[in-house]
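Biologist: Hi! Could you walk me through this one while I have it open?
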Amino acid sequence: MATGTLGQAALTAATNTTVYTVPAGQTATVNINVVNKGSNIAAVNLAISAADTPTDSEYIEFNAPMQIGGVLERTGIVLSAGKKVVAKSTVSGITVNIYGYEA
């Protein structure tokens with residue numbers, strides 16, 4: 001059972017990035033923290049997906065605006081085995097951290 005930091009990524013512009021995948025036989029409760037540490041305003045997508053490329057119904061944030069230095073947080077998300085947290089941004093300089101626990 002893992003606890004604490006479950007995944008971290010620095011996003012590449014216009015590219016889906018799988019930040020975390022729930023291991024087989026586990027469930028996870030996670031908090032997602034997205035930070036714009038770059039020098040450009042961004043639009044960010046977040047999805048809880050079955051694959052590395054989300055379908056339209058899997059997004060929990062879509063083109064969410066992020067100011068320079070801005071933070072986006074989603075908390076208390078419960079995920080089943082095999083689910084992925086996938087993030088994408090219009091610009092580089094965006095970091096994503098997944099914190100929580102697996103059981």
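Modeller: Happy to; we can go through the sheets, one asparagine and the salt bridges, keeping in mind that this is a predicted model.

Biologist: Great. In what order do the strands of the sheet with strand 1 run?
Modeller: That open sheet has 4 strands in the order 1-8-3-6, with antiparallel pairing. Strand 1 and strand 6 are the edge strands, each pairing on one side only. On average, neighbouring strands here are turned by 15 degrees against each other, direction ignored.

Biologist: How many bridges does strand 8 make with strand 3?
Modeller: Strand 3 and strand 8 are joined by 9 bridges in the antiparallel sense. For a register point, threonine 29 has tyrosine 101 in strand 8 as its bridge partner. With strand 1 (residues 3-10), strand 8 pairs over 7 bridges, also antiparallel. There, glycine 4 stands opposite glycine 100.

Biologist: And is strand 8 largely enclosed or largely open?
Modeller: Strand 8 (residues 94-102) is largely enclosed by the rest of the structure, because 7 of its 9 residues are buried.

Biologist: Let's zoom in on asparagine 33. Where does it lie?
Modeller: Asparagine 33 belongs to strand 3, which covers residues 28-36. Strand 3 also pairs with strand 6, running antiparallel to it over 7 bridges. Across that pairing, the bridge partner of asparagine 33 is glutamate 73.

Biologist: What joins the side chains of asparagine 33 and glutamate 73?
Modeller: A polar contact of 3.0 Å joins those two side chains.

Biologist: Is asparagine 33 buried or exposed?
Modeller: Asparagine 33 is buried, because its relative accessibility is 15% and the cut-off for buried is under 20%.

Biologist: Which residues is asparagine 33 in contact with, away from its sequence neighbours?
Modeller: Leaving out neighbours within four places in sequence, asparagine 33 is in contact with Val71, Leu72, Glu73, Thr95, Val96, Asn97 and Tyr99.

Biologist: Changing topic: what about the sheet with strand 2, which strands stand at its edges?
Modeller: That one is an open sheet of 4 strands in the order 2-7-4-5, with antiparallel pairing. Strand 2 (17-21) and strand 5 (59-66) are at the edges with a single partner strand each, so one side of each has no neighbour in the sheet. Neighbouring strands in this sheet are turned by 20 degrees against each other on average, ignoring direction.

Biologist: Got a register point for strand 5?
Modeller: Yes: leucine 46 stands opposite glutamate 61 in strand 5. Strand 4 (residues 42-49) and strand 5 make 5 bridges in the antiparallel sense.

Biologist: Last topic. How many salt bridges are there?
Modeller: The count comes to 2 salt bridges. In one of them, aspartate 52 pairs with lysine 84, with the closest N and O atoms 3.6 Å apart. Aspartate 52 is in the loop between strand 4 and strand 5, while lysine 84 is in strand 7 (residues 84-89), so the pair ties together parts 32 residues apart in sequence.

Biologist: Is lysine 84 buried or exposed?
Modeller: Lysine 84 counts as buried, at 16% relative accessibility. Its partner aspartate 52 counts as partly exposed, at 43%.

Biologist: And which side chains meet in the salt bridge at 3.0 Å?
Modeller: Those of glutamate 61 and arginine 74, at 3.0 Å from N to O. This pair links distant parts of the chain, 13 residues apart: glutamate 61 lies in strand 5 and arginine 74 in strand 6 (residues 71-79). Arginine 74 is partly exposed, with a relative accessible area of 27%.

Biologist: Lovely, thanks for the tour!

Terms used: Residues numbered from 1 in each chain as written. Predicted model: local features only at pLDDT ≥ 70, side-chain atom pairs only at ≥ 80, totals over all residues. Heavy atoms only, no water. Helix = DSSP H or I, 4+ residues; strand = E, 2+ residues; numbered from the N terminus. Buried < 20%, exposed > 50% of the residue type's maximum accessible area, 1.4 Å probe, protein only. Polar contact = N/O pair within 3.5 Å; in protein donor to acceptor, adjacent residues only side chain to side chain. Contact = heavy atoms within 4.5 Å. Pairing = 2+ DSSP bridges. Axes fitted to C-alpha atoms, helices over the stretch in contact; angles between N-to-C directions. Salt bridge = Lys/Arg side-chain N within 4 Å of Asp/Glu carboxyl O.
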